[in-house]
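Q: Please explain how features of a protein model are to be read, beginning with internal space.

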Amino acid sequence: KNKKILFIKLNEKLYNAGKINPPWNILSKELNLYEYSYSPTNFSNINNNKDASFLKRIHLGGLETILYRIASKFKILNFSNKEVYVISENEMIIELSARLFLKGYNINKLQNIEKVKIHNNGILTKSISKLIFKTLNKRIKYWVCPSYTKACLNKINFELIQKVSEYISWKKAFENELFKINTNKKKTNNIFLMNHSSSPKGLAIKNILNKKNMFLYTCQHGVTAEISDSHDYCLSQHDSSSSDLYLAFNKSSSEIARKNPFNKDNKQFIYGSPKRYKRVSKVINLFKRIDVLYLSNNLYTGNIGGIATWATDFEKAKNEINIINLLEKVNKKIFYKPYPEINKRYYEVDPCLDKLKNKKNIEVIKNNFDARYLINNSKLLICGMATSTVSWAIMSNIPIIFINYKYNAPLKADVHKLFNKSLFLFDYNGKNFSNDITEFVNKDFEEINMLWGKKIRFRSKLKENFISTENKNNLEFILNL
């Protein structure tokens with residue numbers, strides 16, 4: 001107990017260091033810590049994520065996006081008594097708003113509302129603490145050694161106070177904003193749209209709207225919950241948990257919302273995926289078509305990422321390096337697209353990117369814009385993990401090799417069977433994985449395309465059930481227009 005524990009951490013002056021560093025010094029004052037801070041050499045807090053060209057973005061976004069941008073900026077239908085209020089955007093919200101504009105709705109953006117500073121009297125915090133204390137205490141005692149149990153509970157309580165304060169602030173801010181809006185209109189004449197409403201802000205807005213007999217609508221923003229076997233842990237964060245009406249891409253997503261235990265009174269409808277999912281196969285590419293595009297989904301957790309996998313960052317790096325070593329030996333040129341990291345988990349050089357240096361047949365894509373703008377320029381796609389990336393790849397109709405990891409965002413059992421029939425699926429933890437995938441990548445493109453063509457019937461079923469359902473609900477029926 002008297003021995004000092006070495007705590008190596010980033011220099012706190014570095015951008016976001018407070019979040020990147022583990023919270024040992026906050027968790028327990030009982031620890032006898034010796035803190036050593038450092039600044040990594042050759043580090044950068046700037047990511048290399050770029051926007052695709054304006055032409056590509058216009059082509060993929062379509063006329064709906066152009067119409068939405070113009071209508072929301074210039075208030076063309078300012079005389080209308082029918083209003084759409086966009087609290088935050090995603091692809092479906094943009095396209096839905098454009099459709100409503102053509103039906104006579106004026107588009108208003110509420111994205112720039114600022115939180116109102118307001119005192120948290122602690123009443124709500126105490127009520128929530130009372131409800132969750134027994135469960136938290138039981139789980140923390142199970143996982144944490146007795147010396148740190150109290151410190152962990154204090155840490156969670158501190159974060160709870162912050163989140164409740166944030167909720168109260170947003171509640172007051174939106175209450176003020178709603179006061180400015182003419183709320184005497186019929187509720188069907190006011191439509192409030194929000195992306196990812198499961199947040200203090202979303203919960204606050206829903207609360208205020210419901211008091212005025214109005215509703216909060218959320219729209220799906222990506223395909224993950226439908227296909228991932230490690231996603232059930234965060235159903236409380238699913239958009240259907242904190243909205244009044246949820247618009248889904250597909251049957252599976254709608255069913256998840258219907259069965260969501262945190263979804264009490266929410267209604268869910270199938271709207272289909274945004275049109276840009278179908279346009280992904282037609283994006284303009286003026287460059288020479290590449291042989292193989294590897295879409296890396298390797299995103300570390302660090303101390304800020306959500307727990308969406310059962311693999312440590314060390315295991316993730318090992319898996320990715322193993323794939324790189326395999327790709328180095330194939331008979332085709334590989335273009336490696338890193339996953340766009342918005343918030344750094346580590347300042348040091350990624351060991352996977354370091355491994356890619358001086359690889360003769362692997363080229364790293366340096367202008368790291370979104371994968372959807374690159375996909376249709378390749379002859380063969382390789383991706384892994386059950387994330388939204390694969391949904392864009394499938395809609396491109398380019399032959400796909402999908403790598404399923406047992407402990408890193410694996411596929412659900414029923415989805416695994418359909419993926420196996422629809423795509424070229426390889427289980428990373430399978431006995432002959434290395435030989436099987438290498439042998440397949442080495443096949444000539446003519447044979448790969450022939451095998452791909454034989455799977456088209458199953459791919460149609462995959463798209464219908466898990467990506468974009470064609471037999472969808474009518475917009476007038478969904479919004480009761």
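A: The structure holds one cavity of 30 Å³ or more. On a 1 Å grid over the protein atoms alone, a cavity is a set of points where a 1.4 Å probe fits but cannot get out, and lining residues have an atom within 4 Å of a point. A volume is the space filled by probe spheres set on the points, which are joined across faces, edges and corners. This is a predicted model, in which local features need pLDDT of at least 70 and side-chain atom pairs pLDDT 80 or more, while totals for chains, interfaces and linings use all residues. Residues are numbered from 1 along each chain as its sequence is written, and side-chain values use heavy atoms, without hydrogens and water.

Q: What is the volume of the largest cavity, and which residues line it?

A: The volume of the largest cavity is about 50 Å³. Its lining consists of I323, L326, L327, V330, I382, I403, F433, I437, T438 and V441.

Q: How is a salt bridge recognised, and where do K206 and D244 lie?

A: A salt bridge is a side-chain nitrogen of Lys or Arg within 4 Å of a carboxyl oxygen of Asp or Glu. One such bridge joins the side chains of K206 and D244 (3.3 Å, N to O). K206 lies in helix 7 and D244 in the loop between strand 6 and strand 7, 38 residues apart. Helices (H or I, at least four residues) and strands (E, at least two) are DSSP runs, numbered from the N terminus.

Q: Are K206 and D244 buried or exposed?

A: Buried means under 20% relative accessible area, exposed over 50%, partly exposed in between (1.4 Å probe, protein chains only). Both K206 and D244 are buried.

How values were computed. 1 Å grid on protein atoms, 1.4 Å probe; cavity = no way out; pocket = protein on both sides within 12 Å on 5 of 7 lines; lining within 4 Å.
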